[in-house]
Amino acid sequence: MATIADTRDTAAHPPSGQLTVRHDYRTWTLLAWCGPLFMAVFILLWGALAGNLPPFPPSATAAEVRAHYLDHRLAIMIGMSVCLTVTSFYMAWGCAISHVMRRVEGPGGLLGNLEMMGATITTAPIMTACAIWLTAAHEARTLSPELLHMLYWAGWLLIDLAYFVTSFQIAAISLVFARDTRDRPLVPSWVNWWGWVTFASFFVVSAIPFVTTGPLAFNGVISFWIAFGTWFVWCPALSFHIIRAIPRLRAEDEAAAAAVTG
């Protein structure tokens, strides 16, 4: 199927001799909407339906964990199976972001590549953790309490302690959009600064293997509500401005093309 090419790409300040490429603005916009879709599904299914707002306590005994999986088996299976699939939308969202970043950084920018890799690899621990919890729910009737307890913890250790992959993504985005020299930047400075708040908040989850109660436990005020909360604010805020940036970039391209042909 042929690519929809609306106009040639001309960055706001293209380097001398830069090759022009064509943009499919419609697909670009659809990929940008993958971020809000991922967040909405994840909050509703992983969070509300599967009972992770807040999570089942890390201090629970093996018998209590098994009872939890038996009591909420169907809800957990639905939530985790859908989220395992929909998490791929985070990767697609990262593709749209990196494309916008290159209009600030240039087509050969390393930070745009780092963001794309960060978004892609971020999906791996999330999907794997969901698969672990899905397996625990699916096999809850036959597995021992001790094994279910291990699977429950394994999912949380993976989804939390792989945070620095996402931190690299956030740092790359915040650095690039802070360098935007437009009179009205594509992403406002408060979103970039909130990215650094999110970046900093992730460090506290390194404590979760060592505590089962209190604010640093994986269901605690700091390690769950603050660390996850900052990310759940940053994602939709960034999505809003990335979606708005695409028609602005299209207008820049059309103005540049008109200047060349005129």
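## Charges and surface

The protein carries 14 positive and 15 negative charges. The mean positions of the two groups are 6 Å apart. These values, like the others below, come from a predicted model.

The protein exposes about 12300 Å². Carbon and sulfur atoms supply 70% of that area. Buried residues account for 46% of the 262 residues.

## Overall build

How many helices and strands does the protein have? The tally is 9 helices and 0 strands. Read from the N terminus, the elements run α-α-α-α-α-α-α-α-α.

The C-alpha atoms fill a box of roughly 75 × 40 × 25 Å. That box is taken along the principal axes. Now look at the contacts between residues with a separation of 6 or more. Of these contacts, 78% join residues 24 or more positions apart.

## Cavities

The protein has 2 cavities of 30 Å³ or more. The largest cavity holds about 230 Å³ of space.

Which residues lie nearest the centre of the largest cavity? They are I159, Y163, F202, F228 and W231. The full lining has 15 residues. Several helices contribute to this lining. Helices α5 (110-138), α6 (145-161), α7 (163-178) and α9 (221-261) each supply at least two residues.

## Two residues of helix α6

Helix α6 is worth a second look. H149 sits in this helix, and so does E146. Is H149 buried, partly exposed or exposed? H149 has a relative accessible area of 23%, so it counts as partly exposed. The cut-off for buried is under 20%, and exposed means over 50%. E146 has a relative accessible area of 54%, and therefore E146 is exposed.

What does H149 touch, beyond residues up to four places away in sequence? Its contacts are A60, T61, A62 and V65. One of these, A62, falls in α2 (62-71). P58 is 91 residues from H149 in sequence. In space, the two C-alpha atoms are 9.4 Å apart.

E146 gives another pair to check. E146 and R182 are 36 residues apart in sequence. Their C-alpha atoms are 57 Å apart in space.

## R248 in helix α9

R248 lies in helix α9. This helix also supplies at least two residues to the lining of the largest cavity. Which residues does R248 contact, leaving aside neighbours within four places in sequence? The contacts are R182, R184, P185 and L186.

R248 can also be compared with S88. The two are 160 residues apart in sequence. From C-alpha to C-alpha, R248 and S88 are 27 Å apart in space.

## A cis peptide bond

Most peptide bonds are trans. Where does the protein have a cis peptide bond? A cis bond joins L53 and P54, with omega about 0 degrees. P54 is in the loop between α1 (25-49) and α2 (62-71).

Technical notes. Residues numbered from 1 in each chain as written. Predicted model: local features only at pLDDT ≥ 70, side-chain atom pairs only at ≥ 80, totals over all residues. Heavy atoms only, no water. Helix = DSSP H or I, 4+ residues; strand = E, 2+ residues; numbered from the N terminus. Buried < 20%, exposed > 50% of the residue type's maximum accessible area, 1.4 Å probe, protein only. Contact = heavy atoms within 4.5 Å. Areas by Shrake-Rupley, 256 points an atom, 1.4 Å probe, with all protein chains shown as cover. Lys, Arg positive; Asp, Glu negative; His and termini not counted. Charge placed at Lys NZ, Arg CZ, Asp CG, Glu CD. 1 Å grid on protein atoms, 1.4 Å probe; cavity = no way out; pocket = protein on both sides within 12 Å on 5 of 7 lines; lining within 4 Å. Points joined across faces, edges and corners; volume = space filled by probe spheres on them.
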